[in-house]
Amino acid sequence: MDHSGHGMTMDLPPFTLGRGLEWSADPFFLVACLAGLALYGWGVVRLLRRGDKWPVGRTVAFVLGVLSIMLMMCTGLNDYGMVMFSVHMVQHMVISMVSPILILLGAPITLALRALPTAGRGRKGPRELLLMFLHSRYMRIITHPAFTIPLFIASLYGLYFTPLFDTLMGSKPGHIAMMVHFLAVGLVFFWPIMGVDPGPHRPGYLMRMLELFAGMPFHAFFGIALMMASEPMVGTFKNPPASLGIEALSDQNAAGGIAWAFSEIPSVLVLVALLFQWYASDQRQARRTDRAADRDGDKELEAYNAYLASLNAQGR
């Protein structure tokens with residue numbers, strides 16, 4: 001594709017899925033994704049060589065998460081996303097709501113903590129610095145629901161309904177920063193809810209579900225607002241190139257429908273993941289209880305039976 005400016009192509013032909021999936025790499029995201037895959041692969045290989053196991057499902061989830069970012073940012077979708085609101089919204093929704101879920105299910109922080117060597121007594125290496133970061137006040141703040149839920153909502157309304165969006169879309173660094181922001185917001189929003197990695201906030205499963213559903217209605221309302229608008233609301237997409245053969249308002253309506261639909265998809269994905277985690281947690285607790293009973297001869301049950309027997313004797 002013939003690029004001009006910061007990746008925007010003014011004479012793109014009408015959008016088709018085939019054209020959208022053509023290879024058209026953004027160098028920043030290509031390098032970042034390949035580096036992420038390489039580091040994750042290094043961690044898995046290091047564990048396996050040491051004789052430790054690492055769940056295949058986690059590796060698959062992480063790889064799919066990174067590939068989903070590459071699909072959005074290293075294909076024609078990124079070119080069309082500069083001039084079509086609907087395609088941009090697909091990018092936004094995938095990078096902020098699908099990619100983070102898959103990456104978090106891959107447990108990259110847990111892998112890093114297990115793969116990185118310890119620096120030794122009194123020294124600080126990468127593993128120690130990562131632990132310090134995880135336990136820092138900064139992490140406690142940015143993963144707290146009082147921060148993540150408003151941020152998740154503001155990333156929609158505060159971006160698209162203000163001039164900030166047009167400013168960011170006006171330069172390549174601005175566009176990259178916006179996409180990185182979408183990914184970061186998704187990671188900090190979903191991490192306390194269904195992330196496998198250890199984190200500062202890990203509420204009970206019921207509370208996690210409440211956190212999930214607290215943000216989703218605002219997401220749906222955002223999509224409905226775009227669909228119901230009687231005129232284009234975002235300056236960047238008010239005058240699409242004539243070569244695309246699209247009308248700005250209908251493209252905006254499509255973008256609103258995509259935003260509305262995506263409020264449901266991640267909810268289902270996260271809910272399923274949460275239910276599986278809840279079940280696995282109960283199973284682990286049951287196994288721990290059984291092992292404790294085997295070790296102490298089920299003294300707790302014996303004590304309870306003795307208590308019942310004493311009550312029975314007193315009643316005679």
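## A nonpolar patch on the surface

L206, M207, L210, L275 and W278 together make a nonpolar surface patch of about 510 Å², in what is a predicted model. Two elements, helix 12 (205–228) and helix 14 (265–296), each supply at least two residues of this patch, and helix 12 gives the most to it, with three residues.

One of the patch residues, M207, lies in helix 12, and with a relative accessible area of 46% M207 is partly exposed. M207 does not count as exposed, because that word is kept for residues with over 50% relative accessible area.

## An enclosed cavity

Rolling a probe the size of a water molecule over the atoms shows where empty space is left. In this predicted model, one cavity of 30 Å³ or more is found, and the space in the largest cavity comes to about 60 Å³.

The lining of the largest cavity is formed by H92, S96, F152, S155, L156, F182, V185 and H219. Helix 5 (85–105), helix 9 (145–160) and helix 11 (172–194) are the elements that give two or more residues to this lining, and the largest share, three residues, comes from helix 9.

## Cysteines without a disulfide

Where might a reader look for a disulfide, and how many does the structure hold? The number of disulfides in the structure is zero. For C33, the closest cysteine sulfur is that of C74, and the 5.9 Å between the two sulfur atoms is too far for a bond, because a disulfide requires a pair of cysteine sulfur atoms within 2.5 Å. Seen from the other side, C74 is likewise in no disulfide, and its nearest cysteine sulfur is that of C33, 5.9 Å away.

Are these two cysteines buried or exposed? C33 has a relative accessible area of 6% and is buried, while C74, at 0% relative accessibility, also counts as buried. Both assignments follow from the cut-off, because buried means under 20% relative accessible area.

## A backbone angle at A107

A107 is not a glycine, and yet its phi is positive, at about 50 degrees. The residue lies in the loop between helix 5 and helix 6 (108–115). Although A107 belongs to a loop, A107 counts as buried, with a relative accessibility of 0%.

Helix 5, which borders the loop that holds A107, is also one of the elements that give two or more residues to the lining of the largest cavity.

Key:
Residues numbered from 1 in each chain as written. Predicted model: local features only at pLDDT ≥ 70, side-chain atom pairs only at ≥ 80, totals over all residues. Heavy atoms only, no water. Buried < 20%, exposed > 50% of the residue type's maximum accessible area, 1.4 Å probe, protein only. Patch = residues over 30% accessible without salt bridge, like charges linked within 9 Å, V, L, I, M, F, W, Y side chains within 5 Å. Areas by Shrake-Rupley, 256 points an atom, 1.4 Å probe, with all protein chains shown as cover. Salt bridge = Lys/Arg side-chain N within 4 Å of Asp/Glu carboxyl O. Helix = DSSP H or I, 4+ residues; strand = E, 2+ residues; numbered from the N terminus. 1 Å grid on protein atoms, 1.4 Å probe; cavity = no way out; pocket = protein on both sides within 12 Å on 5 of 7 lines; lining within 4 Å. Points joined across faces, edges and corners; volume = space filled by probe spheres on them.
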